[in-house]
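Reader: I would like a close look at one part of this model, followed outward into its surroundings. Please keep the account plain and tied to the coordinates.

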Amino acid sequence: MRWSDQSVGVDDGALRGLGRSGVVRTVTTPEFEGITFHEVLAKSVLNKVPEASHLPFRFTVNTFRGCSHACRYCFARPTHEYLELDAGRDFDSQVVVKLNAAAVLRKELRRRSWRRETVALGTNTDPYQRAEGRYRLMPGVISALTESATPFSILTKGTLLRRDLPLLRQAARAVPVSIGISLAIIDDELQKQIEPGTPSPRARLALIRDVADAGFAPHVMLAPVIPYLTDSTADLDALLAALSEAGAASVTAFPMHLRSSTKPWFLEWLAQEHPALLKRYRGLYGRGAYVAPEYSAWLRERMGPLVERHRLGGSGMSLRDSVEAGDAASARVVAEPELQQALTLF
């Protein structure tokens with residue numbers, strides 16, 4: 001048994017879309033109250049990004065599907081619908097775990113056709129969400145990439161990354177390794193409401209400091225910027241100041257996208273907590289997923305001087321580029337083969 005005090009169920013076909021996805025067993029445990037883990041044996045974990053994208057990587061690996069971070073705005077929520085699960089509470093509480101991710105990845109990286117292109121980790125759901133502390137999938141993934149001389153990047157909100165810093169330092173001696181931390185909300189109360197399963201802003205700032213002390217140049221995804229809630233000059237200035245003090249090397253920022261079923265899930269929360277903003281959101285987003293171009297331009301103009309003041313523009317991508325590329329980047333990540341063909345990749 002992997003965990004103590006757990007309840008284990010064997011899939012009998014009652015898991016809807018998951019019943020066709022190689023489920024080995026279903027696990028619940030008091031340590032993760034309200035969360036169900038569906039352990040699967042994946043057939044493939046290395047996913048190719050569409051060639052038309054302009055992202056700095058062409059391949060991704062995701063060790064989990066679904067995420068206990070429970071971020072209301074998460075663009076990956078609609079991908080749970082491929083498993084015939086809902087994009088709201090199911091995305092937060094029904095987490096698919098690819099038990100054999102490292103072994104399958106090693107096999108895929110041994111192919112003669114593999115050209116050792118950069119692999120991005122954390123493009124769909126967070127590889128360092130809480131369950132990683134139990135399943136420990138990332139050390140095997142990192143080792144597989146390093147042993148095959150494959151460069152890689154990690155994007156996470158999870159402070160569990162700190163556990164693997166020694167391994168990442170070893171990997172960086174052999175291959176290029178980039179580490180990104182996602183931190184877009186500095187207000188503790190708002191963070192607890194909108195990202196209830198994530199480490200606090202203070203905890204992530206401490207992680208950025210540790211990543212920098214380990215010899216990396218931590219890039220921070222200051223995204224999404226949430227209209228009328230996190231886009232004031234005071235909030236952005238306070239966050240950028242804290243990031244600079246913590247040792248962040250650069251930032252990327254873009255406005256919140258509300259794609260597909262993420263939109264009603266976020267707006268339900270907004271109606272409960274900030275009903276006065278609903279009319280403004282309807283005007284800003286209309287019937288689409290993206291903010292009006294005027295808002296992106298306004299945000300760029302607001303952030304430009306702040307990024308320059310705090311010397312956080314060292315990513316090689318201008319603020320204009322990062323804001324204008326945000327919509328396209330989010331859309332392309334959602335279009336990855338893993339997300340479009342979820343039922344066939346396990």
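Reader: Where is V96 found, and is V96 buried or exposed? Please start there and then go through the other parts of the chain that deserve attention.

Author: V96 is found in strand β7, which covers residues 94–98. The model is a predicted one, and the values below are computed from it. V96 has a relative accessibility of 0%, so it counts as buried; the cut-off for that class is under 20%. The sequence partner to note here is T26: it is 70 residues away from V96 along the chain, yet the two C-alpha atoms are separated by 9.2 Å.

A second pairing of this kind involves F32, which lies in the loop between β2 (23–28) and β3 (36–40). F32 counts as buried because its relative accessibility is 2%. Its counterpart is S93, with their positions 61 residues apart in sequence and 9.4 Å from C-alpha to C-alpha.

A76 sits in the loop that runs between β6 (64–65) and α1 (89–93). With a relative accessible area of 0%, A76 is buried, although the residue belongs to a loop. Leaving aside residues up to four places away in sequence, A76 touches F91 and N124. The C-alpha atoms of A76 and S261 are separated by 9.7 Å, and these two residues are 185 apart along the chain.

E147 gives an exposed case. This residue is found in helix α4, and its relative accessible area is 60%, so it is exposed; that class begins over 50%. From C-alpha to C-alpha, E147 and A174 are 8.5 Å apart in space, with their positions 27 residues apart in sequence.

These pairs can be set beside the totals for the chain. Of the contacts with a separation of 6 or more, 76% are accounted for by residues 24 or more positions apart. Buried residues make up 57% of the 346 residues. The chain has 13 helices and twelve strands.

Two of those helices, α8 (residues 233–246) and α11 (residues 293–309), have axes that come within 10 Å and cross at roughly 35 degrees. The crossing in which α8 passes α11 is right-handed. On the α8 side, the residues that meet the other helix are T233, L236, D237 and L240. They face L299, R302, M303, L306, V307 and R309 in α11. Sorted by class, this contact has six nonpolar, one polar and three charged residues.

The backbone before α8 has two points to check. In strand β11 (residues 219–225) lies P224, and a cis peptide bond joins A223 and P224, with omega about 0 degrees. Y228 lies in the loop between β11 and α8. Its phi is positive, about 70 degrees, although Y228 is not a glycine. Y228 has a relative accessible area of 28%, so it is partly exposed.

R136 also has a positive phi, near 50 degrees, and is a residue other than glycine. R136 lies in the loop between α3 (132–135) and α4 (138–147). At a relative accessibility of 48%, R136 counts as partly exposed; the class for exposed residues starts over 50%. As background to these backbone values, most residues other than glycine have a negative phi, and most peptide bonds are trans.

The last part is a pocket, the second largest, with about 160 Å³ of space in it. Its lining includes L46, N47, K48 and F59. Also in the lining are E108, R111, S113, W114, R115 and E117. By class, the lining has three nonpolar, two polar and five charged residues. The nonpolar ones are L46, F59 and W114, because Leu, Phe and Trp count as nonpolar. The charged ones are K48, E108, R111, R115 and E117, since Glu, Lys and Arg count as charged. The contact of α8 with α11, for its part, has six nonpolar residues and three charged ones.

Definitions and conventions:
Residues numbered from 1 in each chain as written. Predicted model: local features only at pLDDT ≥ 70, side-chain atom pairs only at ≥ 80, totals over all residues. Heavy atoms only, no water. Helix = DSSP H or I, 4+ residues; strand = E, 2+ residues; numbered from the N terminus. Buried < 20%, exposed > 50% of the residue type's maximum accessible area, 1.4 Å probe, protein only. 1 Å grid on protein atoms, 1.4 Å probe; cavity = no way out; pocket = protein on both sides within 12 Å on 5 of 7 lines; lining within 4 Å. Points joined across faces, edges and corners; volume = space filled by probe spheres on them. Axes fitted to C-alpha atoms, helices over the stretch in contact; angles between N-to-C directions. Left-handed = near helix turned anticlockwise from the far one by under 90°. Contact = heavy atoms within 4.5 Å.
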